[in-house]
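Please open the structure in a viewer and follow the stops below in order. Each stop proposes a selection and states what is found there.

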Amino acid sequence: MKLTDKEQQLLDSIVEGMDVPGEGWLHELDPFNNTHVCAGVLGQLISKNLVHSYQDEESPDCYWVELVI
């Protein structure tokens, strides 16, 4: 599957993760320092079934991201 440069950047950031590889808070993994760009690219990765994302119930502006692969 071919990814755009931005998709690959975000996927690489998610693969590296935060405390553990393959997962983390989207705002901490954002390689673009731009929430709107990152959210759009995340949507593309979700549609390609490469990652899952879950909204934090206590903080609706925070999203947890996990690799599917």
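Begin with the whole chain in cartoon style: it has three helices and three strands. Helices (H or I, at least four residues) and strands (E, at least two) are DSSP runs, numbered from the N terminus. Traced from the N terminus on, the elements follow the order α-β-α-α-β-β. The radius of gyration, taken over C-alpha atoms, is 11 Å, close to the 11 Å that the globule rule gives for 69 residues, so the chain is as compact as a globular protein of that length. That rule is 2.2 Å times the number of residues to the power 0.38.

This is a predicted model, in which local features need pLDDT of at least 70 and side-chain atom pairs count only at pLDDT 80 or more, while totals for chains, interfaces and linings use all residues. Residues are numbered from 1 along each chain as its sequence is written, and side-chain values use heavy atoms, with hydrogens and water left out.

Next, select residues 63-67, which form strand S3. Add residues 23-25, strand S1: three bridges join S1 to S3, and the two run antiparallel. Two strands pair if DSSP finds at least two bridges between them. Within this pair, display Glu-23, which stands opposite Glu-66 in S3.

Now select residues 51-55, strand S2, which is joined to S3 by five bridges, again antiparallel. Which residue in S3 is the bridge partner of Tyr-54? The partner is Trp-64.

Finally, show the C-alpha atoms alone: they fill a box of roughly 35 × 25 × 20 Å, taken along the principal axes.
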